[in-house]
Amino acid sequence: MNREVIIFETGDEVAQYAAELFAGMAEEAVAARGVFTVALSGGSTPKTAYSLLAAKPLQDQVPWDNVQIFWGDERTVPPDHPDSNYRMAREAMLAHVPIPEANIHRMEGEAADLDASAASYEQTIRTVLDIKGGIPRFDLILLGMGDDGHTASLFPQTAALDETERLVVPNHVAKLNTNRITMTRPLLNNGGCVLFLAPGAAKAARLHEVLEGPQDWHRLPSQSIQPQNGRLVWAIDKGAAVQLTGNYIIHGE
Ligand code: 6PG
């Protein structure tokens, strides 16, 4: 499998790596094709990376005019809600960088009709990435891993995991008694580079199962992210890696 697992000393180093990868890829993509398309992840882990991108020197490296920002998933709350993934990215990064508002594409988690909201987001993706049929390809997709092995809002044993046609769907998450909107596996697995950020000792046991246990991706949805023609990187720290036994890349060695 084409998978890179990189172990950093600390979570801050993971964030630095993610921010530098984003900035470097943005520079290259815009120079080569005039646009950089990225799907952001929610949760708390990417916040530090977003803040680094909002500050010098990385802020100056990113050609913001040509960056198109999307989200891999969203909670069903308004954009100013403390749980909103959009709000977190806006506060940590987007409010502090010179990106045109028209380049920021948030999922409307507050919509009364989530199905229509997901369908409209799929249409926006197709329009901005300029692909009518087939599966669009984001340059970079950031993901996290929840303590139950979920990623984006693909939770264990939920319907969205089996979606094969639609790019974005609402997903009922019974154990949280809520709905989410999420990108689906066909779209996530077509990314040019998929980067998981999963530092922290709290993730160690699940990470061991996801990376080294038997394949069972209905139970461990993070296992189902295996881009066919893209790069898959897991950036973790020593705390998250304590139970791993494989021979992985140790950053700096
Ligand atoms: C969300 C996410 C989700 C997240 C993981 C990890 O909306 O909750 O996008 O998939 O990335 O739950 O979250 P933490 O970074 O907070 O551990």
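**Figure 1. Residues surrounding the ligand in the predicted model.** The ligand is surrounded by 15 residues, of which T45, D73, R75, A152 and K203 come nearest; a residue is near a molecule if one of its heavy atoms lies within 4 Å of it. By class, this shell comprises two nonpolar, nine polar and four charged residues, where Ala, Val, Leu, Ile, Met, Phe, Trp, Tyr, Cys and Pro count as nonpolar, Asp, Glu, Lys and Arg as charged, and the others, Gly among them, as polar. The model is predicted, with local features requiring pLDDT of at least 70 and side-chain atom pairs pLDDT 80 or more, whereas totals for chains, interfaces and linings use all residues. Residues are numbered from 1 along each chain as its sequence is written, and side-chain values use heavy atoms, leaving out hydrogens and water.

**Figure 2. Polar contacts of the ligand.** A polar contact is a pair of N or O atoms within 3.5 Å. An oxygen atom of the ligand lies 2.8 Å from a polar backbone atom of S44. For the side chain of D73, the distance from an N or O atom to a ligand oxygen is 2.7 Å, and for a polar side-chain atom of K203 it is 2.6 Å. The protein covers 88% of the 420 Å² of accessible area that the ligand has on its own (Shrake-Rupley method, 1.4 Å probe).

**Figure 3. Surroundings of N171.** N171 belongs to strand β6, residues 168-173 (strands are DSSP runs of E, at least two residues, numbered from the N terminus). N171 is buried, with a relative accessible area of 2% (buried means under 20%, 1.4 Å probe, protein chains only). A polar atom of the N171 side chain lies 2.9 Å from the backbone oxygen of S153. The backbone nitrogen of A160 is 3.2 Å from a polar side-chain atom of N171.

How values were computed. Polar contact = N/O pair within 3.5 Å; in protein donor to acceptor, adjacent residues only side chain to side chain. Helix = DSSP H or I, 4+ residues; strand = E, 2+ residues; numbered from the N terminus. Buried < 20%, exposed > 50% of the residue type's maximum accessible area, 1.4 Å probe, protein only.
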